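Reader: Could you take me through this one? I'd like to hear the reasoning behind the labels, and not just the labels.

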Amino acid sequence: MSSTNVTDPSRRVRWSLAAKVFTTLMLLGAIAVLVTGVLGYFRARDALERAVFDQLTATRQAKSRQVEDYFRRIEAELRLLATSKMVVDATRTFRIAVDELDRAATSSELHQKVSNWYTQNVIPDVERVLGREPNLADYLPVGAAPYYLQYNYIVANPHPVERRQLLDDAGDGSDYSRLHALYHPSMRAAAATVGFFDLMVADPKSGRLIYTVEKEVDFATSLQIGPYRRSNVAAAVARCAVAPDRSAVCLEDFASYAPSGGAPIAFMASPVIDQGVVIGVLVAQLSNEEIDNVVTGGRRWRQEGFGDTGEAYLVGPDHLVRSGPRAFYENHENYYAELKIAGTSDEEIEAIQRYGTPVLHQRIDTKATQAALAGVEGTGKIVGYRGVPTLASWGRLEIPGVKWALVAKIDSAEAFAPIYQLRNDLLVVGGLALLVMAATAAWLSKALLGPLRELTAGVKRFAAGDYGASVPVRTHDEIGQLCSAFNGMVEDLREKSVVIENKNRENEQLLLNVLPAPIANRLRGGEAGIADGFAEVTVAFADIVGFTALTSEMPPQEVVTFLNGLFSRFDAAAQDLGIEKIKTLGDAYMAVCGLPEPVANHAERMVRMAIRMVHIAREHAMEHNIEMKIRVGVNTGPVVAGVIGKSKYIYDLWGDTVNLASRMESGGVPDSVQVTRPVYDQLKGQFAFEPRGPIEVKGKGKVEAWLLRL
């Protein structure tokens with residue numbers, strides 16, 4: 001009985017080893033398949049994502065350059081026309097002819113004919129655009145000349161509406177018609193050649209459009225008292241009529257323009273100068289069709305690589321589109337349905353339908369448009385205006401006079417479709433590989449023992465830190481493939497260690513963003529309690545006047561964006577002048593020159609920095625359309641500097657010099673730079689200062705101060 005309970009030890013060991021080999025083989029095979037599949041999937045996904053972002057960015061940049069080149073070309077052509085003898089002579093003589101017509105009386109019959117024409121042809125279009133019945137008197141021209149000219153060139157024009165510009169001479173025998181017959185063919189040809197929707201000449205004194213090519217209902221009306229006094233063309237004329245600058249070009253963003261049926265129209269103007277005096281303003285009327293054609297690629301999205309859902313669109317500072325979205329052109333019904341699903345208001349949808357275009361009516365307020373309008377260029381995954389995940393590339397256009405953002409995007413589902421297919425294929429292939437491995441592992445277990453030992457040794461070397469470990473691939477069967485997979489895994493991890501090293505270098509860069517480089521080096525070297533004394537440096541404080549009241553009604557995100565934009569420009573100026581930014585506290589900005597590395601002309605650099613800060617603040621306020629001023633205080637003297645804190649440490653300054661610089665700021669005058677005597681004594685020969693006399697300084701009594709003349 002006892003003999004039956006004894007098991008052969010050699011048999012037990014042999015089968016135990018085979019089981020271990022089998023189990024190990026299956027485990028390693030599964031790991032190899034899993035690691036290869038997962039890494040392959042994620043690397044392929046990342047590569048595809050980068051490729052999509054690169055393509056979107058390249059397309060966006062190309063379209064941005066096209067739009068920018070278009071405006072540069074239009075600007076150059078308009079300036080050239082405004083300085084031509086033809087335009088100067090035409091402007092001078094048209095003004096005289098219109099003034100003569102104003103002095104002449106017009107018949108009540110003519111007034112009635114113009115009024116009747118407005119009732120039949122203008123008011124219905126205005127009612128369609130506004131969605132309500134307008135008051136006829138609000139749209140009738142004012143003055144004798146407008147009635148006379150509109151009757152002869154619009155009401156009595158024998159050509160249809162779209163061909164009114166073909167009338168050279170109204171045949172009324174007036175001086176105006178004689179001049180019109182002389183100049184109109186050339187002006188009409190110039191507008192057609194350059195691609196202007198309309199070309200107009202305005203009298204800067206009366207604001208009257210004394211000439212237009214297209215002869216729309218704004219012809220001969222006043223932009224100062226007429227129905228279009230609040231239009232963007234009125235703003236363009238008013239800006240360009242101020243100073244006799246031949247290089248001046250005034251661009252006004254697209255807005256709904258009633259004389260053009262409420263279509264989105266932009267205006268670019270240039271002064272017409274004769275003997276140093278602005279005698280007129282040449283205005284080009286720009287339709288958004290040209291820009292829309294560039295941005296949409298002539299509505300050939302697939303040919304441009306956008307697939308089924310990709311597109312590019314322009315957005316203005318009001319987050320309203322300046323080019324039509326793809327869905328609007330491809331399928332109106334689906335477009336409106338998607339807007340409804342995305343939460344677009346009924347009023348917005350109704351406006352798009354009434355005007356027949358989403359331009360200036362569809363609002364796109366996404367992370368992409370917000371970042372681009374804030375001047376931040378980038379790429380990322382966002383929720384698009386249709387409420388679906390998208391991959392997008394965004395950036396701002398460099399066009400003087402307007403603030404536009406361009407976004408190129410494609411739906412994530414379409415972009416990642418190949419990856420989803422790859423994932424399914426990997427699952428199928430991985431499952432099949434595991435089945436084949438299970439079927440063959442039993443009879444291969446003995447043959448695996450030798451290579452398995454080598455593989456185990458390689459794993460041990462790798463575990464011990466030998467990232468160059470590899471195992472020989474002796475066969476081309478599954479064992480050899482497993483060894484190859486192991487070697488590939490080691491290589492991949494080695495590459496990832498390189499990535500980690502790169503991240504460490506990035507962290508190093510972050511440290512340099514917190515501390516000056518010499519201080520960071522000392523801190524990395526293990527030095528504790530860093531503190532230094534400096535015999536003479538120059539310290540500046542800047543603070544926004546009334547910042548709390550200024551931002552009390554601004555949303556938090558706008559406050560942060562506003563401050564970030566301002567202080568980022570301060571940082572750029574500081575880096576340019578070799579000045580060390582110390583810190584910001586709320587809306588206060590502190591900087592020093594002369595440490596940690598001594599600088600001979602630290603006072604001069606800091607005063608130049610202060611001047612730049614005042615100008616930067618003014619520009620920033622104008623860009624954000626707010627009233628904002630800053631005070632800047634500057635002082636020179638000794639300080640103590642050092643690193644304080646354990647976590648979130650900071651490099652800071654102490655001493656009477658710092659305190660007095662702060663007092664110079666808090667006791668200063670808005671929109672100015674106030675300095676102490678040490679600064680004045682060093683720089684009085686280089687800058688213009690205005691003595692302010694002794695001022696009361698907390699803790700020091702009366703202290704002399706000077707204001708820098710900006």
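Author: Sure. One cut-off to start with: a residue is called buried when its relative accessible area is under 20%. Keep in mind that this is a predicted model.

Reader: Then what makes Gly297 buried or exposed?

Author: Gly297 has 8% relative accessibility, which is under 20%, so Gly297 counts as buried. Gly297 sits in the loop between α7 and β6. Beyond four places in sequence, Gly297 touches Lys63 and Glu304. Its C-alpha atom is 8.9 Å from that of Ala312, and these two are 15 residues apart along the chain.

Reader: Arg299 is in the loop between α7 and β6 too. Why is Arg299 called partly exposed?

Author: The label partly exposed runs between the buried limit of 20% and the exposed limit of 50%. Arg299 has a relative accessible area of 46%, so it belongs in that middle class.

Reader: What is there to say about the phi of Arg299?

Author: Phi of Arg299 is positive, about 60°, although Arg299 is not a glycine. Most residues other than glycine have a negative phi.

Reader: Which other residue has a positive phi without being a glycine?

Author: Leu360 does, with phi near 75°. Leu360 lies in the loop between α10 and α11. With a relative accessible area of 13%, under the 20% limit, Leu360 is therefore buried. Another positive phi turns up after α18: Asn625 has one near 55°.

Reader: And how do you know whether His361 is buried or exposed?

Author: By the value again: 14% relative accessibility is under 20%, so His361 counts as buried. His361 is in the loop between α10 (346-355) and α11 (367-373). Leaving out residues up to four places away in sequence, its contacts are Leu320, Glu348, Ala351, Ile352 and Tyr355.

Reader: Let's move to helix α18. How do you know that its length agrees with what a helix should span?

Author: Helix α18 covers residues 602-623, which is 22 residues. The expected span is 1.5 Å times one less than the number of residues, so α18 should span 32 Å. Its end C-alpha atoms are 31 Å apart, and that agrees.

Reader: His620 is in α18. Why is it called buried?

Author: Its relative accessibility is 3%, which is under 20%, so His620 counts as buried. Outside its neighbours within four places in sequence, His620 is in contact with Phe562, Gly565, Leu566 and Arg569.

Reader: What makes the pairing of His620 with Arg569 a polar contact?

Author: A polar contact needs a pair of N or O atoms within 3.5 Å, one able to donate a hydrogen and the other to accept it. The side chains of His620 and Arg569 make such a contact at 3.4 Å. The side chain of His620 also reaches the backbone oxygen of Phe562, at 3.1 Å.

Reader: What is unusual about the bond between Leu595 and Pro596?

Author: Leu595 and Pro596 are joined by a cis peptide bond, with omega about 0°. Most peptide bonds are trans. Pro596 is placed in the loop between β12 (588-593) and α18.

Reader: Now the helix pair. Why are α2 and α4 called roughly perpendicular?

Author: Two packed helices are described by the angle between their axes and the distance between the axes. Helix α2 (residues 85-103) packs against α4 at an angle of about 105°, with the axes 7 Å apart. Angles of 65 to 115 degrees count as roughly perpendicular, so α2 and α4 get that label.

Reader: Which residues make that contact, and what classes are they?

Author: From α2 come Val98, Leu101 and Asp102, and from α4 come Ala144, Ala145, Pro146, Tyr148 and Leu149. By class, that is 7 nonpolar residues, no polar ones and 1 charged.

Reader: What about Ala156, in the loop between α4 (144-155) and α5 (175-194): how is it classed?

Author: Its relative accessible area is 40%, between 20% and 50%, so Ala156 is partly exposed. Its C-alpha lies 9.4 Å from that of Val114, 42 residues apart in sequence.

Reader: And how many helices and strands does the chain have?

Author: The protein chain has 20 helices and 17 strands. Of its 710 residues, 45% count as buried.

Methods: Residues are numbered from 1 along each chain as its sequence is written. This is a predicted model: local features need pLDDT of at least 70, side-chain atom pairs count only at pLDDT 80 or more; totals for chains, interfaces and linings use all residues. Side-chain values use heavy atoms; hydrogens and water are left out. Helices (H or I, at least four residues) and strands (E, at least two) are DSSP runs, numbered from the N terminus. Buried means under 20% relative accessible area, exposed over 50%, partly exposed in between (1.4 Å probe, protein chains only). Contact means heavy atoms within 4.5 Å. Axes are lines fitted to C-alpha atoms, for helices over the stretch in contact, and angles run from 0 to 180 degrees between N-to-C directions. Angles under 35 degrees count as roughly parallel, over 145 as roughly antiparallel, 65 to 115 as roughly perpendicular and the rest as oblique. Ala, Val, Leu, Ile, Met, Phe, Trp, Tyr, Cys and Pro count as nonpolar, Asp, Glu, Lys and Arg as charged, and the others, Gly among them, as polar.
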